[in-house]
Amino acid sequence: EANEIAENVGIKLNIAYPCLYLCLICALSSTLSRFSKPTIILYMYNKKSIIFLISNLLSSFFPFLTIIIYTHLLSAQDYGVYYLTYSSATFIYSITVGTLGLAVLRFWPTATKEHKQTLYTTLYFLTYTALIIISLSMLMFSIFTDTPITYLILFTMIIYISYSLIQFKLMFIRSTYRPYTYGALHIARTGFSLIFGILLYFRYSLYGILAGIFLGHFLACLLLIFERQDKEKLKFQLINKKLIKDLLIYSIPLTLNSTLMYIMSYSDRWLLTFLASIKSAGLYIAAYTLPSQILIAIMMGMHLNLYPKDICAYETGSAKKTKAQLADHWTQLLAIVIPSCIGLIILRNNLITHVLGTSFSATAIGLLPWIILAVFFGGIKIYYVDIALCLAKKTFMQIYICVIIAIINILLN
């Protein structure tokens, strides 16, 4: 059935492949035409850019390996259940603790030494409050569901808690520009999750994989005991009500934006689940996850280094410096992402055949070029276009854009 679908899709889409190549090549040419050939590489990278990029690629190696292993171990239906459970946990993180993490990236680099202790305590107070409220809500909801759903809700809850704790700490490490520590903890989190997931799979099947994700995050949290570079300590008497209000004003629009982004990015999976089957969703998820893991890892690696520089340039108050830095950001991002997109499209047959399980590969080959194009534009929005609104503290404007995109997304799906 999957082969027949892929063949029909492939016949209809083959006409569009030259158009995709042409768009990507034209964009690459317009970017590189601004530079003389000997200066391109030197202009693109510095030492910390390379460190952030390598650490993010290494940490993304384990999720990439996860796709390879789990598409061979799990059926399409079980893979869909595993992915939707994990993505639900990360979504809840993104609309709660994740928005506070973005506040860390925005305010921590420019905070004074006197202000950092208050900011540190207030942020952690809001984080723990969110974790407690969400966890209790999920526990109450699980009581009124059937047994299989109850287990999935409980796994979603513990993954959400562990993921939130490690990711929030990583935001602090990232904002203080420590690429080695960031890379080590990021790699430990993804590596432990995969190792424990594989070991527990042979005993507990799908539930073993979900338990392995939690254990991997938990062990990474334990490693934070040895990370003692933060001078600030929790002093709850320093909680500042005005600061809480300011942080919420900054974060609430980001929460709405994250919700809309989830609808844009994941509504297709859920619609396939309800309108077709969990098996169809599993086939589509595997096809989508493979290129998105690769491209998002590359974009995130560049963003880790460039975003703090964007903030520092903006805080100087010089429009000229800010424009120059954002132009540099744009050039570096496109110069590495566009060749990656072209390479993935050209090599899609060999890549998918050797990476995904047999039951997944046929569908993925037909869908991959379109998925790459979607991930490319989605990444440009997140890692470049949205930066201007974050710098200007006008995050509410992102909602208008996302509402339009989300409505179009759902209607077309």
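## Exercises on an all-helix prediction

Of the 413 residues in the protein, 53% are buried. Keep in mind that this is a predicted model.

**Exercise 1.** Work out what the fold is built from, and how far apart in sequence its contacts reach.

*Solution.* Start with the secondary structure: there are 15 helices and zero strands. Next, take the contacts with a separation of 6 or more; residues 24 or more positions apart account for 82% of them. Finish with the outside: the protein exposes about 19800 Å², and carbon and sulfur atoms supply 70% of that.

**Exercise 2.** Find the residues of the nonpolar patch on the surface, then say which helix gives the largest share.

*Solution.* First, list the members: Leu248, Ile252, Leu256, Phe396, Met397 and Tyr400, with about 580 Å² of accessible area together. Then map them onto helices: α10 (241-275) and α15 (397-412) each bring at least two residues. The largest share goes to α10, with three residues.

**Exercise 3.** Zoom in on Ile252 and decide whether it's buried, partly exposed or exposed.

*Solution.* Ile252 sits in helix α10. Its relative accessibility is 49%. Buried needs under 20% and exposed needs over 50%, so Ile252 lands in the partly exposed class.

**Exercise 4.** Count the disulfides in the whole structure, then classify Cys221 and Cys402 by burial.

*Solution.* The disulfide search comes back with zero hits. For burial, the cut-off is again under 20% relative accessible area. Cys221 has 17%, so it is buried. Cys402 has 0%, so that one is buried too.

Methods
Residues numbered from 1 in each chain as written. Predicted model: local features only at pLDDT ≥ 70, side-chain atom pairs only at ≥ 80, totals over all residues. Heavy atoms only, no water. Patch = residues over 30% accessible without salt bridge, like charges linked within 9 Å, V, L, I, M, F, W, Y side chains within 5 Å. Areas by Shrake-Rupley, 256 points an atom, 1.4 Å probe, with all protein chains shown as cover. Salt bridge = Lys/Arg side-chain N within 4 Å of Asp/Glu carboxyl O. Helix = DSSP H or I, 4+ residues; strand = E, 2+ residues; numbered from the N terminus. Buried < 20%, exposed > 50% of the residue type's maximum accessible area, 1.4 Å probe, protein only. Disulfide = S-S within 2.5 Å. Contact = heavy atoms within 4.5 Å.
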